[in-house]
Amino acid sequence: MSVAPGNGFDGGKIYYPTDTGLGTWGAVAAVPGYTARWAAEGAWMGHWLASFGFVVIGIDTNSPNDFDTARGTQLLAALDYLTQKSPVRDRVDPDRLGVIGHSMGGGGAISAAERRPSLKAAVPLAPFSPSQNLSSLRVPTMIMGARDDGTVTPSYLDGLYGGMPVGTQSAFIELGSGGHGFPTWGNSHVTRRTIPWLKIFLDNDTRYTQFLCPSPADTSNISRSRTKCPYVPPGGTTPQPSGGQVVGAASGRCLEVLNSSQTGNCVSTVTSAWTRRPPAPLPVPGS
């Protein structure tokens, strides 16, 4: 559904699961980069993330030239609108919220996470963060960049990520291609890392840790990665292996992950402490 300008940001789109039988969903607000519009840069991921059980609000900024802190303010305003005023507010769990942003919007995601530590997850994509470092960041944060990005370079991201507090659950993923625009098109290399991060920290679904720990299971198009395994949602417990199987939600076919332990022809799952609903079959990130 469309969102009119106002409420602290310049409108946007909401994508949401239509099923109301499983209770409320975690939600994320997403913002594009400098001078960009949501429809041109981020809309491709709205439906994709919603299909994995999230409510997504993608926003346009009050000015296309807004810097990182202004974009962070608007991300927080979008989450407040989503949970308090939007027509789908009854579908959203206000205690399971996250932020995503690209470039200057990635700096906005960092700014929002630093100012609202109650957020459960942040995914800055090629973030440019001129107004803050990460020294006070406590929200679980995955930074993603690209090896051949000449705008937000690998060395810049190394310095930014290096300022992350040791105790903050975080990850750094560097893609081997795509340049600075890698998050602006239907890039499954983005979703197959973003979805597990959101599932772990918004849904407390630690079955998805196997896609990131001890290092990304699927290394296709990853040139470098840094992880802090194991990943445990606040209030959760360290995941222990189980004898279950990971299958596609739609196809029922077994999921194959390189270098993972196998049970028969299927990958073993990692169980989670479910507090809101029993786990459904595990969909394949990026599919």
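Which helices and strands are included in what covers the buried residues of H5? Points 3 and 4 take this up, after the basis of the model and its cavities.

1. This is a predicted model, in which local features need pLDDT of at least 70, side-chain atom pairs count only at pLDDT 80 or more, and totals for chains, interfaces and linings use all residues. Residues are numbered from 1 along each chain as its sequence is written, and side-chain values use heavy atoms, with hydrogens and water left out.

2. The structure holds 2 cavities of 30 Å³ or more, a cavity being a set of points on a 1 Å grid over the protein atoms alone where a 1.4 Å probe fits but cannot get out. The largest cavity has a volume (the space filled by probe spheres set on the points) of about 70 Å³. Its lining residues, which have an atom within 4 Å of a point, include Trp38, Glu41, Met45, His102 and Pro183. Strand E3 (25-31), helix H1 (38-41) and strand E5 (92-102) each give two or more residues to this lining, and E5 gives the most, with 3 residues.

3. In helix H5 (residues 154-162), Pro154, Leu157, Leu160 and Tyr161 are buried (under 20% relative accessible area, 1.4 Å probe, protein chains only). Seen down the axis of H5, these buried residues fall within an arc of 120°, so they line one face of the helix. On the other side of H5, Ser155, Gly159 and Gly162 are exposed (over 50%).

4. The cover over the buried residues of H5 includes helix H4 (104-115) and the strands E7 (141-146), E8 (170-175) and E9 (222-227).

Key: 1 Å grid on protein atoms, 1.4 Å probe; cavity = no way out; pocket = protein on both sides within 12 Å on 5 of 7 lines; lining within 4 Å. Helix = DSSP H or I, 4+ residues; strand = E, 2+ residues; numbered from the N terminus. Arc of directions from axis to C-beta. Contact = heavy atoms within 4.5 Å.
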